[in-house]
Amino acid sequence: MEFIKKIAIGGDHAGFDYKAELITYLTAKGYEVNDFGPYSNASCDYADFAHPLSLAVESKEYTFGILLCGSANGVAITANKHQGIRAGLAWNAEVSSLIRQHNDANVLCIPARFVTLEEAIEITNVFLTTEFEGGRHQLRVNKIPC
């Protein structure tokens, strides 16, 4: 039996439309996806959604998290407050690959105002299908927690 990756997704109002499209895309690809909100494009505070998502990924209830906001900086900063989270901001597929390969990122942060929907889908797909390289990178990742 193949392991189904469980994905937690959330963000803020600026990422709302892309989040809805990514949920449809990921569900069609066979991922189990849980929407942590927001549930409309009304103005909201990203931390209200990034913290619960990060806790769920940190506890290993979900394999990965995806956060979307305008620049992705707010959600990345918030997620990285959690010791077990390695959130990486990716604005293209190459960066998405590198945050998995070299940093073992477990939360992907996408800047919705700076990428197209097609780019967001590609960034997500690369993130979810790229393995951590380990080796010398594991030694570095081990030094991340405070």
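**Notebook: surface, core and two annotated sites**

Started with the outside: the protein has an accessible surface of about 7,500 Å², and carbon and sulfur atoms own 53% of that. Note to self: this is a predicted model.

Next I looked up overall size. The C-alpha atoms fit a box of roughly 45 × 35 × 30 Å along the principal axes. I checked the radius of gyration too: 14 Å for the protein, which agrees with the value near 15 Å for a compact globule of 146 residues. Of those 146 residues, 49% count as buried.

**Fold**

I counted six helices and five strands. Reading from the N terminus, the order is β-α-β-α-β-α-β-α-β-α-α, so I see the run end on two helices in a row. For contacts with a separation of 6 or more, 69% come from residues 24 or more positions apart.

**Cores**

Which residues of the largest nonpolar core touch the most other members? I found I66, L108 and I110, out of 22 residues in that core. Strand 1 (6–11), helix 1 (16–28), strand 3, helix 4, strand 5 and helix 5 (117–129) each give it two or more residues. Apart from this core I found another, of 17 residues, with V57, A72, A76 and I85 among them.

I then pulled the contacts of L108, skipping neighbours within four places in sequence. The list is G65, I66, L67, G88, A90, S96, I99, I123, T124 and F127. One of these, I66, is also on the list of core residues that touch the most other members.

**Helix 4**

I went through helix 4 (93–101) for burial. A93, V95, S96, S97, I99 and R100 are buried there. In an α-helix, residues three or four places apart point the same way, because there are 3.6 residues a turn. I had that in mind for S96 and R100, both on the buried list. What covers these buried residues? Strand 3, strand 4 (87–89), strand 5 and helix 5 are included in the cover. At the start of the helix, a side-chain oxygen of N92 comes to within 3.1 Å of the backbone nitrogen of E94.

**Annotated positions**

The unreviewed UniProt entry puts an "active site" annotation on C69 and H102. Do they gather at one spot or lie apart? The pair spans 34 residues in sequence with C-alpha atoms 23.6 Å apart, so they do not all gather at one spot.

I looked at C69 in strand 3 (residues 64–69). C69 is at 4% relative accessibility, so I log this cysteine as buried. Beyond neighbours within four places in sequence, C69 is in contact with D12, A14, G15, G74, V75, I110, P111, A112 and R113. I110 on that list turned up above in the largest nonpolar core.

H102 sits in the loop between helix 4 and strand 5 (107–111). H102 has 28% relative accessibility and therefore counts as partly exposed. Again leaving out neighbours within four places, its contacts are F132, E133, H137 and V141.

**Last check**

I ended on R136, found in helix 6 (residues 136–141). Buried or exposed? R136 is exposed, at a relative accessible area of 53%. Against I85, R136 is 51 residues away in sequence and 19 Å away in space, C-alpha to C-alpha. I85 itself is one of the residues in the core of 17.

Key: Residues are numbered from 1 along each chain as its sequence is written. This is a predicted model: local features need pLDDT of at least 70, side-chain atom pairs count only at pLDDT 80 or more; totals for chains, interfaces and linings use all residues. Side-chain values use heavy atoms; hydrogens and water are left out. UniProt positions are given in the numbering used here, feature names are shortened, and annotations may be inferred rather than shown by experiment. Helices (H or I, at least four residues) and strands (E, at least two) are DSSP runs, numbered from the N terminus. Buried means under 20% relative accessible area, exposed over 50%, partly exposed in between (1.4 Å probe, protein chains only). Contact means heavy atoms within 4.5 Å. A nonpolar core is a set of buried Ala, Val, Leu, Ile, Met, Phe, Trp, Tyr and Cys residues joined through side-chain atoms within 4.5 Å. The radius of gyration is taken over C-alpha atoms; the globule rule is 2.2 Å times the number of residues to the power 0.38. Accessible areas come from the Shrake-Rupley method with a 1.4 Å probe; for residues, only the protein chains shown count as cover. A polar contact is a pair of N or O atoms within 3.5 Å; within protein, one must be able to donate a hydrogen and the other to accept it, and residues adjacent in sequence count only if both atoms are side-chain atoms.
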